[in-house]
Structures are given as structure tokens and as C-alpha cells.
Amino acid sequence: MSSKESCRSELRIAIRQLSDRSLYSASKWAAEQLVGIEQDPAKFTPSNTRFQRGSSSIRRKYKTHEVAVTPIAGVSYVATPVMEEDELVDADFYLLAKSYFDCREYKRAAHVLRDQNGRKSVFLRCYALYLAGEKRKEEEMIELEGPLGKSDAVNHELVSLERELSTLRKNGKIDPFCLFLYGLVLKQKGSENLARTVLVESVNSYPWNWNAWTELQSLCKTVDILNSLNLNSHWMKEFFLASVYQELRMHNDSLSKYEYLLGTFGNSNYIQAQIAKAQYSLREFDQVEAIFEELLSNDPYRVEDMDMYSNVLYAKECFSALSYLAHRVFMTDKYRPESCCIIGNYYSLKGQHEKSVVYFRRALKLNKNFLSAWTLMGHEFVEMKNTTAAVDAYRRAVDIDPRDYRAWYGLGQAYEMMGMAFYALHYFKKSVFLQPTDSRLWIAMAQCYETDQLRMLDEAIKCYRRAANCNDREAIALHNLAKLHSELGRPEEAAFYYKKDLERMESEEREGPKMVEALLYLAKYYRAQKKFEEAEVYCTRLLDYTGPERETAKSILRGMRSTQSSFPSMDVEHFPP
Amino acid sequence: MGGILKQPGAFTITPHKVSLCILLKIYAPPAQISVPYPFSSVAPHNRLGLFLLALTKSCDDILEPKLDELIHQLRMMSQNWEASWVIDQLMSRLSSLSSPDDLFNFFSDIRGILGGPESGAIEEDQVILDMNSSLGIFLRRSVLAFNLLSFEGVSHLLTNLGIYCKEEFSNCPPYEEHSLDDSSSNLETCSEYENMDLENFVYEKVSEEIEARKEASEVVSFHLHTPNTLLSLVDDVDLPADSVSKQSEKVRVASPYGDPSSNMLRDVDHSGAVFLRTNWQVQGYLQEQADTIEKNGSAVSFNGLEIILRQLQKLAPELHRVHFLSYLNDLSHDDYISALENLHCYFDYSAGTEGFDFIPSVGGNGFGRYEIGLLCLGMMHFHFGHPKLALEVLTEAVRVSQQQSNDTCLAYTLAAISNLLFENGISSTAGTLGSSYSPFTSLGVSHSVQQQLFVLLRGSLKRAESLKLKRLVASNHLAMAKFDLTHVQRPLLSFGPKTSMKLSTCPVNVCKEIRLSSHLISDFSYESSAMTIDGAFSTAWLRNLQKPTGSLVLCPDNGSGNCSNVSQFTAQPTSIPGSVLQVLGSSYILRATAWELYGSAPLSRINALVHATCFADASSSSDAALAYVKLIQHLAVFKGYKEAFSALKIAEEKFLSVSKSQILLLKLQLLHQHALHRGQLKLAQKLCDELGVLASRVTGVDMELKTEASLCHARTLLAANQFREAASVAHSLFCMCYKYNLQVENASVLLLLAEIHKKSGNAVLGLPYALASLSFCLSFNLDLLRASATLTLAELWLSLGSSHATRALNLIHGAFPMILGHGGLELRSRAYIVEAKCYLCDSNFNVFEAYEIVINSLKQASEELQLLEFHELAAEAFYLMAMVYDKLGKLEEREETAASFRKHILALDNPQDEGDPLVSVF
């Protein structure tokens with residue numbers, strides 16, 4: 001990794017250049033990273049520590065192994081020369097246009113810059129035109145919603161922009177920012193391959209534009225595409241890779257990349273949030289919660305990614321924390337899809353599904369492609385027993401992102417609710433294919449196979465076995481495996497799984513009817529096997545419990561004793577238990 | 001998503017509708033006398049009116065014509081200066097609409113041309129639009145839609161108007177849209193308008209309106225089954241439909257996937273933009289495509305349709321039917337994975353409530369109709385040859401439709417299950433069906449598959465009858481007939497010793513069932529359907545305007561013989577739906593099969609001919625191919641192989657891409673028989689192996705093919721005099737047929753066994769087989785097979801010694817009427833030869849007195865055998881003839897026949913290919 005100091009100076013320049021071009025979110029991102037770079041202890045001043053406290057404490061708490069902060073061997077970064085700004089001929093016009101732009105008067109800004117040829121001016125003009133078109137498109141989309149969902153709202157500026165930018169590129173007069181814009185235009189037009197090449201050109205010549213990286217990421221849908229990209233190795237590429245890995249569900253790769261980046265950007269909120277996201281996908285809810293608590297204490301008005309935090313709170317059923325979070329984001333900015341989702345989650349947790357649907361709808365109104373809202377709304381409809389609507393919502397989620405295993409799972413669940421178990425299997429298979437390490441999915445599929453209509457028990461056993469191998473938290477799989485085997489008349493396998501289940505319950509110190517069932521089965525099994533000692537052990541353990549099983553255990557014990565003493569050769573079966 | 005969906009079919013005002021309003025204003029300017037200014041007489045004025053009527057009919061969103069198209073159409077309407085005046089007016093008025101206020105004024109002006117009920121004092125000759133006429137309603141709707149617009153809407157309309165006009169002026173294609181070229185150059189239309197006089201017109205206009213309204217309100221099932229309509233829709237050039245289809249077919253066959261752009265882009269342009277305008281039209285188009293796929297799946301170009309569908313989906317994301325179409329497309333091109341995806345996608349979105357014409361209108365239960373999805377999924381698995389999966393899914397469909405009390409779907413599902421059982425001969429369904437379908441569980445007895453099938457068919461038939469699903473009833477009757485044809489009916493619950501076992505299929509039953517199914521056409525009534533015929537209707541509207549009405553009835557038959565007028569009638573929206581025709585067609589095929597089995601060759605041939613001529617356009621390609629197969633088989637049996645092969649060539653060309661297997665099977669069969677007859681055993685063996693390869697297909701096992709392959713194998717072995725091997729093959733084949741209850745095959749295999757024993761010289765062993773075969777034939781009314789079994793029996797008796805000659809002769813004479821009336825060349829000549837042999841063996845027979853009888857029949861036999869190139873038997877006939885001549889002392893004739901004998905024997909010993917074109921194919 002290049003030294004912290006050089007990163008810092010690169011970022012400082014980049015932030016200025018990005019905000020000169022009104023690429024706000026990119027400059028925001030860059031600024032966050034700039035502040036996220038850990039200070040050298042030498043220059044340690046109290047005023048700089050504000051952003052550092054929390055995140056480092058998380059790391060102390062959760063770092064199980066010391067991550068090598070030293071750079072990976074063989075990686076050397078290309079020093080990309082910082083772009084030099086050309087002299088503006090008509091700086092005054094540019095300033096006027098920039099202020100118009102900042103007031104969101106895009107057309108006006110473009111008009112001011114109509115005859116300017118400076119690279120900065122050209123970019124700002126094109127970008128202003130693009131944004132004007134986008135804004136108009138959004139408006140039209142609402143104005144013109146036709147029947148059958150027809151909406152032919154298009155960005156009317158795209159054609160002329162494409163023409164201009166492509167000639168610029170042909171003449172070699174294009175700068176990285178215009179390349180980025182060109183990629184954006186191409187992506188909207190649907191020519192993805194060209195868009196990819198253009199964006200790669202852009203990031204190779206100017207790596208600090210995070211917007212370009214995100215656009216590139218959205219065009220990398222498979223690992224193969226990712227590997228085919230010809231990217232210069234710059235430290236920004238590490239950020240990109242980490243993010244792409246996450247998108248491609250290579251969570252562990254992504255986590256290790258982020259850990260590595262933390263070596264330089266130790267205080268970056270962004271990285272913390274991304275780590276939380278990866279941990280969330282790995283279902284490490286406690287860690288996620290801790291990270292978000294720290295993040296919120298550092299950055300209390302953050303709305304980004306907070307819906308994920310609410311999901312965690314939902315899963316842990318923290319009513320008050322969730323309501324507090326909802327209140328907080330609501331006060332910060334109520335018209336963000338994230339805030340609507342959080343409120344929807346809260347109502348859902350309270351069991352008020354109609355209200356939560358209202359909020360998910362609002363989130364979707366704000367952003368039609370807000371994936372998790374579709375899925376969550378599907379869950380709500382399932383709760384409300386409105387399966388048709390649920391199926392529809394899930395399907396839309398799946399169409400937005402075919403890799404959303406939750407929606408596939410939801411589809412399966414909805415169909416299973418309708419008694420179409422066989423039909424549901426198709427969807428379960430899909431979800432399991434996408435997320436083979438999630439035991440819940442396997443269990444759901446197994447239960448689907450187990451339903452009265454299908455009774456495909458062998459397949460169910462296979463699924464449960466997968467689930468048991470996937471760190472099944474609720475320990476359903478082992479128990480059901482044991483039960484299925486005993487149903488199918490395979491006592492040895494059944495005993496094996498009951499024993500495993502028992503061990504597990506012992507280690508987790510859980511008690512309950514399952515424990516009793518396992519003990520009873522094992523006792524009977526060992527008695528039938530004539531291994532009376534083991535049987536006795538289980539029977540005596542059963543004596544600790546109340547209920548009919550205790551009596552059964554007693555009678556088994558009595559039977560065994562009498563067998564052992566008087567009729568050692570007699571078959572045990574002759575004694576009624 | 002329940003609540004967010006917008007109501008489809010909302011009437012929105014568009015630039016195109018504004019132009020229509022302008023045209024209406026030109027058509028009926030306020031306060032003008034009878035014929036307004038530009039029009040010199042009534043006729044052109046009326047023409048404009050009709051044109052407008054057609055345009056308003058086809059106005060309903062999705063895709064509307066551009067201004068230049070409209071102008072083009074206007075020009076087509078008439079070519080004199082009036083039209084150009086109208087166009088000029090239109091353009092100038094359009095371009096004068098330059099501010100929102102102009103629009104407001106325009107729409108308040110336009111109300112003036114409507115006659116109101118209260119404006120009593122109308123002057124005599126004034127042109128006024130009736131408020132309630134089609135045009136009037138259109139105008140009122142437009143005004144209303146405009147008044148409902150918000151200001152944003154108005155400004156949008158204005159912008160769009162600007163674009164609409166600019167496109168015409170600059171004529172540059174807009175971004176991301178196809179340009180529309182060569183739309184139509186149809187000039188003949190004028191004649192129709194010119195010939196129309198006033199009285200006629202007024203009447204016509206009224207009646208047309210009435211008709212239109214009637215059509216719109218009526219619920220008509222939605223089917224359009226003619227490729228010709230489609231072709232005439234797509235191809236504006238007035239080529240004879242047949243040649244066009246042939247041309248395009250050839251192109252597609254040549255490169256089904258390569259370079260789709262040239263051919264398909266044309267398709268896209270035509271159907272995607274020019275003709276698909278309204279909501280209903282799109283639906284109609286999709287329906288048509290679905291029917292084409294169903295009829296002739298692989299002939300539809302995969303990519304072409306896919307492009308269109310993608311375009312449609314972009315235009316109308318909520319029109320989920322598109323997914324169904326792409327499912328069908330995938331299905332017909334054997335793309336399992338994406339078919340599965342699309343099917344699931346369709347049912348997820350539509351919940352099965354969109355566009356199925358057999359659903360009675362849904363009474364608003366929120367559940368959706370996912371059971372239809374199951375039904376389709378089951379059929380898909382069936383199609384791809386996964387009978388087990390299909391059965392699972394269909395069982396679930398039965399359960400769910402019972403839960404949802406969707407009796408219609410249940411009936412269809414039962415029909416599908418019985419079809420599945422019928423086709424696949426699954427040896428055991430216990431466990432899958434038993435648990436779910438009540439009759440079995442309530443009986444508590446395990447039945448054979450056949451019995452289950454019977455119960456299913458009955459159940460399905462009953463349901464269909466009580467639900468008045470005519471088409472299903474008909475096809476169920478057909479299935480029953482098929483069942484009767486091939487299975488023994490016995491009482492379902494036959495306990496105890498010797499309950500009366502009625503072991504027979506009755507031809508009367510079969511015919512009754514078949515007739516019941518074809519009653520369909522006489523009492524075909526419109527089933528209630530979710531979709532009306534509106535789409536097809538409005539598609540037909542524009543066409544009908546441009547076509548002289550006469551041509552619809554008098555279709556010039558261009559000699560192909562297969563393009564019948566039936567299809568022309570179906571082009572009319574009110575005619576018989578294609579699916580009905582299809583069911584009817586397959587009833588004819590079934591009849592042909594029935595007669596074939598019962599042994600009446602002429603009747604079988606007639607039925608196949610009827611199908612090939614009358615239903616070729618309406619039936620599915622596999623049915624059509626089957627009809628051809630039957631005809632060719634008939635030719636081979638009655639006219640010899642030469643004719644059959646030439647006919648086969650024609651059929652192969654016709655069904656090149658379609659249902660290859662049927663034609664291929666026939667070809668292999670024919671070649672095999674031919675080779676056997678000519679003694680080319682090696683070739684026969686090779687062909688036999690090919691058949692075996694066909695039979696072991698990956699996509700499920702076809703029992704019919706399998707039996708055919710082993711039959712051929714046994715025959716080949718027999719011809720090679722490997723009796724033991726032949727007998728063992730035939731024996732195992734019999735076991736298989738018995739296991740799967742293939743009764744007809746049972747009889748013929750037994751007969752084959754008898755033949756084998758006869759040839760090996762074990763007449764005594766052969767006798768029981770022949771007798772068993774006879775009894776099978778008797779109980780199944782297989783008359784022709786019975787005759788040939790009798791013949792074999794006679795041969796067996798004869799080979800036991802000359803003392804049995806009279807008995808044999810009696811047997812033959814008993815079978816003669818059947819053999820001569822319906823038998824093929826081979827059977828007949830065999831009968832002649834055996835008869836001659838019987839006479840010759842008979843000690844009472846005096847050769848010198850009655851040699852004529854013997855010689856005549858032998859001559860007949862030898863002639864027919866030469867046609868068949870059946871060297872072995874022909875040699876035998878000539879040998880016998882030579883012997884007779886020798887006895888009689890007719891030396892000259894003797895030498896002649898002996899020479900022929902020699903020729904055939906030589907040919908048999910040195911089999912050679914005489915450059916047979918079909919053999920060289922291999």
C-alpha cells in the first residue's frame with residue numbers, strides 16, 4: 001500500500017477536482033476516506049481523534065486474528081499522476097454555470113457553457129444536460145404512467161450526448177470525467193460491453209472517481225467478467241474489488257480485502273459499514289449490531305445502510321431499539337427509501353402488517369428498484385395471507401436481481417402455503433443454488449419434501465443433511481433427520497442423529513421436549529440392541545424429567561433389571577415397555 | 001402487486017387521436033351542407049367516413065401509427081386532389097396547434113360538430129355526427145380525456161404533438177426505434193370505394209355499426225387459426241399465400257439460427273410496428289402466434305419471435321402474456337431451461353388469470369389460479385419426456401383444483417393425465433394417483449393402469465359434460481374412442497370366478513364415440529371466455545377495408561390441393577374456431593386408424609384423405625404428418641413401393657422441419673420392407689438398427705417405436721432363416737406387449753410367431769400361435785389381420801400334408817372376400833398362391849380340366865408381386881406356373897415362365913442396388 005501520506009494528498013486533490021465537476025457523491029466518498037485515514041501517532045492531535053475512537057474499539061473487540069497489515073507480497077501500486085487542471089479561458093462563465101448547477105438549474109448551466117471548449121466546461125455542460133434529462137425523465141415517469149405499465153419516458157438528451165462524446169473520444173480529446181459520463185450514457189443505452197471498456201479507460205486514467213467504479217461494478221455480473229477487466233493496480237482498485245466481491249457473494253474474500261484496507265483507512269465509516277454488510281450476509285448479527293452502534297455514535301445522522309441495521313434489530317426482536325432508530329431516521333430524512341423500510345420493519349415487528357405495507361410502498365414509490373423493499377413487502381403479504389400479492393412482489397424482486405435468494409425463498413414459501421408443494425420446490429431449488437450455505441433454506445426445502453402431499457422422504461433427508469452441515473443454528477435439521485430415519489425404519493441412523501442432537505443440546509445447554517424425545521429413543525434403541533448399560537444411562541437421565549416419559553423410563557429400567565437377573569437369554573421384546 | 005396495477009385500457013389522448021379529431025372535423029364541419037367543401041360527390045366523402053371508422057376502431061394505445069403512416073393511408077384511400085387537400089388541411093391544423101391554449105380552443109370547438117339530442121332543429125342536409133355513433137363516441141371520449149388532463153398532461157400532449165409533426169417533416173427515425181419502410185402499396189382498394197353508392201353506404205354504415213357493437217358486447221372465444229390470415233396480415237404484397245409461406249419456410253430451414261437479421265427484421269418491422277396498435281390487437285397477435293406455434297412449432301423462427309416479444313415487453317411491461325408466448329416458443333424449440341423459467345415467470349405475475357380462454361369469468365376470489373400453472377407445467381414435463389415428473393405435477397394440479405373447486409381446470413387436468421397414461425404406458429402409477437384421486441382410494445383396490453385410465457377418462461368426460469366444455473367433451477370422446485380401440489373393456493370390479501367377461505372392443509362403440517365428438521361442430525356454441533374476439537376483430541377491420549369483399553369467399557386455389565377454403569372462412573371473425581376444427585380433424589385421423597385396424601382399407605384411405613385435404617391448415621403438424629403417413633402406407637401396400645417412395649419424397653419436403661420422427665419412421669419401415677422383399681438382408685439389418693436407435697431416444701421411451709423396431713428385427717432374422725433367434729426375439733416382444741397391454745400388437749406378434757414356425761417347418765408348433773392370433777383378432781374385431789391369420793392357418797394345414805388340402809382351401813375361401821376387398825398386394829398374391837397350391841395338392845383336382853383357375857390366380861399373383869419386387873414369392877408363383885404348363889405340355893409358356901422364375905431367383909441371390917434414389921440416401 002502506498003503510504004498514508006500519499007493517499008492523503010491524492011485524495012485531497014481529487015476531492016477538489018471532483019467537487020469542481022459537481023460529482024458530489026464521489027467527492028463525498030473521497031472525503032470520507034480522507035478522514036478515514038488513520039493519523040500517524042507522531043502528528044496526533046486531540047482534535048483529530050474525533051472520528052477514530054469508535055471504530056478502533058470495534059476492531060479490538062472482534063478481531064479474532066491479527067490481520068497482516070503489511071501489503072500482500074508482489075502488489076505494487078501504479079502511481080497515477082494527478083491530473084493537472086487546464087487553465088480556464090473563461091473562468092467567469094464557468095463560475096456562473098457552476099453556481100447554476102449547484103442550484104439544480106441544469107439547463108441554465110448548460111446554456112451558459114454552450115460555447116466553452118475547456119475540458120472542465122465541456123464536462124460540466126454534458127453532465128448538466130444529462131442530469132436535466134434524468135430529472136425530466138423522472139418527472140415524466142410519474143406524469144405518464146400508462147396502462148399495462150407502459151412508460152416510454154426516456155432521457156431525451158442521451159442521443160445528442162452520445163454523439164458528442166463519441167466524437168470527442170474518437171478525436172482523443174476526451175478526459176476521464178467525460179469518459180465516465182460516456183460510460184453512463186452507453187450503459188443506459190444498453191451497450192454494456194462498450195460501456196465497460198470506456199469505464200475501464202476512465203478509472204485507469206483517473207482512479208479517484210468512485211462513481212465510475214460503482215458504475216463499473218454494476219456492469220460486472222460474473223466473476224469471469226471481473227477477471228477480464230484490464231485494470232491498473234491502484235489502491236482504489238482494492239476498494240472496487242472488495243465491493244464487487246461482496247456483490248458476487250464472495251463474502252469472505254470481500255471481508256479480507258476490507259480488513260486489509262483498514263490498515264490504511266482505519267477510521268473509515270464506509271469500510272465499517274461494508275464490513276457490516278458482509279457480516280450480515282454471513283448472518284453474524286451480533287457483530288453487525290456492534291458495528292452499527294459504533295457507526296451511529298460517530299455519525300448519528302447517517303441514513304445509508306441503516307435499513308440493514310433495522311433488519312438485524314428485527315431479527316433480534318429489539319422493539320425499542322428499532323423504534324428509536326425509526327424515529328431517528330424519520331427526523332433526519334423521512335423521504336428516503338431506507339427510512340421507509342426501517343419504519344416498515346418496525347410495524348412488521350409490531351404485527352401491524354397493513355401499515356408496514358404502506359411504508360414499503362412508499363419506499364418503492366421513491367425508488368422503484370429498491371430491492372429489499374420488494375422482498376420485505378412480499379414477507380408482509382405472506383404474513384397477511386395474501387399469497388397472490390406476495391408472489392407478485394417477490395417476482396418483481398427476482399426480476400430486479402435474479403440472485404436475490406430471499407425472494408426466491410419467499411416465492412417457494414408462498415406456493416407451499418397454497419398447497420402447491422411440488423411447484424414450490426422449483427423456487428426452493430433456486431434459492432438453495434444461490435445460497436448453498438444457508439441452513440434455513442435447506443430446511444425449508446426439506447420440509448417441502450416432507451409435506452403430506454409429496455412424502456419424498458429420501459430427498460428430505462438429503463436436504464436436512466446439507467442443512468446440518470451448514471451450521472444449523474436452531475438445530476432443527478439434526479432432530480428431523482433422526483425422526484425421519486426412525487420413521488423409515490433405520491434405527492441405527494436414527495440413533496446416530498439423536499445422539500448428535502443430544503450432544504449439541506448438551507453443549508448449548510438447552511433442555512426441552514426434544515431432549516426427552518432423544519433420550520427416550522436412545523434408551524429404547526440400546527435396549528433393543530441389548531446394550532443395557534447405555535440404555536440405563538439414558539433411562540436414568542430421563543428420570544430427571546417429569547411427565548409420562550419418566551414412567552416409561554422407570555418401566556424400561558425395571559424390565560431390564562429383571563431380564564438381566566433372571567432371564568438373561570430372554571428376548572426383551574416380550575416385556576411391554 | 002394487487003393495488004399498484006393500473007387499470008388497463010384507459011383512454012388517453014395522443015397526437016394520433018388529435019389528428020383523428022381534426023379529420024373528423026374535416027369530415028363533418030359544423031354548419032355545412034350535405035357534401036362539405038373538398039368533396040365533389042358523396043362517394044369520396046363516405047370513403048373518408050369509413051376510413052375514420054376503421055381508425056377509431058383500432059385506436060387503443062400501445063402503438064399508434066406515426067403521422068407519415070397516417071398520411072400514407074390517407075393517400076391510399078384516394079389519389080385525387082381531395083386527399084391531398086385533406087392532408088394539407090391536417091398538416092396545417094396540426095402545426096397551428098402551438099400553445100396549450102390552442103389545444104383548449106380546439107377541443108372546445110370540436111364539440112360543435114356533435115349533434116345533441118336537444119338540438120332539435122337540424123337543417124335537412126346538414127352533416128352532423130350522432131352522439132351515439134361510433135365516431136361520435138370516439139369524439140366524446142377524446143374531449144372527455146382532454147378535459148381530464150392536468151396541465152402537465154396538456155403540456156406533454158403539446159410536446160408530443162411537436163415531435164409527431166417534426167418526425168413527418170424531417171422524416172428522420174427517432175432514437176431507438178425502427179423506421180417504417182415499405183408499409184403498403186395496395187392500390188386495388190380504391191375500386192371498392194368507387195363502386196359504392198349512397199343508399200348502400202348508409203345502410204352499410206349502420207349495419208356495420210350494429211355489427212361492431214354486437215361483436216364488442218358478445219363474448220366470443222378467441223381463436224384465429226389460420227396461417228393465411230397471419231400471412232396476409234404480415235405481408236402486404238398480394239402474393240398467393242402459399243408461395244410466400246413456402247419461400248419463407250425454405251429460408252428458415254436453410255438457416256434456422258444463422259443470420260436472423262435480414263429475414264426477421266422484416267418480420268419485426270411489419271408486425272411489430274405497423275399492425276400492432278391496440279391492446280386487443282396485441283393480444284390477438286399473441287394468440288395467433290400461440291396458435292401457429294401449436295400447429296407448426298419448429299417452423300416459427302425462434303429468434304424472430306423472441307425479438308418481437310422483447311420489444312413488446314419493453315412497450316408493455318405489465319402485459320404478462322408475453323412471458324407465456326416465450327414459454328411456448330421455448331417449448332417448441334426444446335429449450336427446457338428457459339421454458340421452465342418463463343412458465344414460472346408468467347404464472348407468478350399473472351396468477352393464471354390472464355388470457356386463458358377456458359376460464360369462466362373469475363368471481364373475484366383473491367387466490368389466483370395457480371392450478372393452471374401446474375397444469376401447464378405438467379404438460380411441459382410431458383412434452384419434454386419426463387412422465388414421472390409430469391405425473392407428480394398433475395397430481396398436485398388435481399389436488400389444488402379440487403381445493404379451489406376449479407372444476408374446469410380439474411377436467412382438463414384429468415384429461416391431461418389420461419393422455420399421459422395413454423401415451424406413455426407407465427406400468428405402475430400406484431402411489432402417485434392412488435393417494436390423491438378419490439375413486440381409487442374409495443374403491444380400495446389396486447387397478448391396472450388401463451383401468452385407472454378408464455376411470456379417469458370417464459371422470460373427465462362427465463365433468464366436461466356437466467361444465468359444458470364442448471371442446472373438452474369432444475376430445476374426451478376421442479380419447480374414449482382411442483381407448484376402446486386398443487383396450488379390452490372389462491367390468492371394473494370383477495371379483496369371483498368367471499363373472500361375465502365381455503372381452504371385446506366393439507367397432508360400434510368406437511364409431512359412436514367418434515361421432516359424438518364431431519357433433520361438436522353442429523352444436524358448437526360460444527363458450528364463455530375471459531377474452532373476447534375483439535382483438536382479432538379489429539385486426540381484421542383494417543384489412544377488410546382494403547380488400548374487395550369478394551376475394552374472401554372465392555379464394556383462387558392455386559393447385560396445391562391442400563389450401564382449402566375452410567381456412568378462408570376461418571379468417572372471418574365469426575367462423576368456427578380453429579381449435580374446433582383441429583378436434584374435428586383429429587377425429588378423422590382416428591377414424592382412419594380405426595378402419596385401418598378393423599381392416600377396411602378404402603374407408604381408412606378416405607378418412608385420411610379428408611383430413612389431408614380439409615384440415616391440413618387447421619390441424620397440428622403432427623396430425624397432418626400422420627395423415628400423410630397413412631396415405632403413403634396405403635400406397636405402398638396397394639400400389640407398390642415406387643409410388644410410395646415418390647409420395648414420401650413430397651411428404652418429406654412438406655414436413656421437413658416438423659415432426660421428423662413420424663416421417664422418418666415411415667421411411668425406415670418402407671425401406672426395410674422393400675429390402676426384405678428384394679432379399680437385401682444386409683441393408684435390412686442396417687435399417688433395422690437405425691430403427692433401434694430411434695427407439696432408444698433420450699426423451700422418454702416410445703412404446704410404439706420400440707415394438708416396431710423389434711418386429712422389424714424379428715422379420716429380418718426370419719428372412720435370414722435364423723429361426724431360433726427370430727422366435728426368441730418375437731417371444732420377448734410378445735411378453736412386452738402383453739405387459740403393456742398392447743392388444744393389436746399382441747395379435748400381430750402371435751401371427752409372426754406362427755409364420756416363423758411355419759417357415760422353420762414346424763407346422764404343428766405354429767398352429768397354436770395362429771389360432772391364438774385368430775382369437776385375439778376376433779375379440780378385437782381386427783378383420784384384416786384375422787384374414788391374414790386365417791391364411792397363415794391354411795398354409796400351416798397345407799404343410800401338414802396333402803390330406804388337409806380341402807380344409808385349407810375352405811379356410812382360404814372363407815377369408816377371400818375380406819382379402820380381395822381390403823387386402824394389400826402382398827396378402828392377395830399370397831392368398832392366390834396358397835389357393836393354387838391347395839388345388840395342386842388336392843388329389844381330387846384335375847389339372848387338365850380346370851387348369852384355368854390355377855393359372856389365372858397364379859398370373860394375378862405374379863403380376864402383383866412383381867410390382868412389389870417380392871422376388872421370393874414371385875419365383876414361387878412362376879415355379880408353380882411352369883410346373884402346371886409342363887403338365888399340360890405347353891412348352892412355350894413353360895419356357896417363358898421358367899425364364900421369369902430364373903430371373904427372380906437370380907435377383908434374390910445377387911441382391912444389388914439398382915441405383916434406388918432413396919437407398920442412396922443412407
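A contact here means heavy atoms within 4.5 Å. Select chain A: of its contacts with a separation of 6 or more, 58% join residues 24 or more positions apart. The model is predicted, so local features need pLDDT of at least 70 and side-chain atom pairs count only at pLDDT 80 or more, while totals for chains, interfaces and linings use all residues. Residues are numbered from 1 along each chain as its sequence is written, chains are lettered from A and ligands numbered from 1 in the order in which they are written, and side-chain values use heavy atoms, with hydrogens and water left out.

**The two chains**

Keep chain A selected and colour by secondary structure. Helices (H or I, at least four residues) and strands (E, at least two) are DSSP runs, numbered from the N terminus. Chain A has 30 helices and zero strands. Of its 577 residues, 53% are buried; buried means under 20% relative accessible area, exposed over 50%, and partly exposed in between (1.4 Å probe, protein chains only). The chain exposes about 26900 Å², of which carbon and sulfur atoms supply 51%. Accessible areas come from the Shrake-Rupley method with a 1.4 Å probe, and for residues only the protein chains shown count as cover.

Switch to chain B. It holds 42 helices and two strands, and buried residues make up 53% of its 922 residues. Among its contacts with a separation of 6 or more, 72% are between residues 24 or more positions apart. About 40500 Å² of chain B is exposed, with 57% of that from carbon and sulfur atoms.

**Cysteines**

Over all chains, a search of the whole structure finds zero disulfides, a disulfide being a pair of cysteine sulfur atoms within 2.5 Å. Two cysteines to pick are Cys318(A), partly exposed at 21% relative accessibility, and Cys345(B), buried at 5%.

**Helix α8 to helix α10 of chain A**

Show side chains next. The structure holds 44 salt bridges over all chains, each a side-chain nitrogen of Lys or Arg within 4 Å of a carboxyl oxygen of Asp or Glu. Select Lys187(A) and Glu215(A), which form a salt bridge with their closest N and O atoms 3.0 Å apart. This pair links distant parts of the chain, with Lys187(A) in helix α8 (residues 176–189) and Glu215(A) in helix α10 (residues 210–218), 28 residues apart. Lys187(A) is partly exposed, at 30% relative accessible area.

**Ser254(A)**

Move to helix α13 (residues 251–262) of chain A, where Ser254(A) lies. Its relative accessibility is 0%, so Ser254(A) counts as buried. Leaving aside residues up to four places away in sequence, Ser254(A) touches Ala242(A), Tyr245(A) and Gln246(A).

**A salt-bridge network**

Select Lys277(A), Asp299(A), Arg302(A) and Asp305(A) together; salt bridges link these residues in a network.

**The annotated repeats**

UniProt, in an unreviewed entry, places the feature "repeat: TPR" at residues 337–370, 371–404 and 405–438 of chain A. UniProt positions are given in the numbering used here, feature names are shortened, and annotations may be inferred rather than shown by experiment. Residues 337–370 of chain A are 79% helix and 0% strand, with end C-alpha atoms 7 Å apart. Residues 405–438 of chain A are also 79% helix and 0% strand, and their end C-alpha atoms lie 10 Å apart.

Now select Arg336(A) and Glu338(A), whose side chains meet in a salt bridge (3.5 Å, N to O). Arg336(A) is partly exposed at 26% relative accessibility, whereas Glu338(A) is buried at 14%.

**Helix α20 of chain A**

Select residues 371–383, helix α20. The 13 residues reach 19 Å from first C-alpha to last, close to the 18 Å expected at 1.5 Å a residue; the expected span is 1.5 Å times one less than the number of residues. Its buried residues include Trp374(A), Leu376(A), Met377(A), Glu380(A) and Phe381(A). Their cover includes α16 (306–315), α18 (337–349), α19 (353–366), α21 and α22 (405–417) of chain A. After α20(A) comes Lys385(A), whose phi is positive, near 65 degrees.

**Helix α21 of chain A**

End at Arg395(A) and Asp399(A), both in helix α21 (residues 387–400) of chain A and four residues apart, about one turn of the helix. An α-helix has 3.6 residues a turn, so residues three or four places apart point the same way. The two side chains, Arg395(A) and Asp399(A), meet in a salt bridge (3.9 Å, N to O). Which partner is buried and which partly exposed? Arg395(A) is buried at 4% relative accessible area, and Asp399(A) is partly exposed at 38%.
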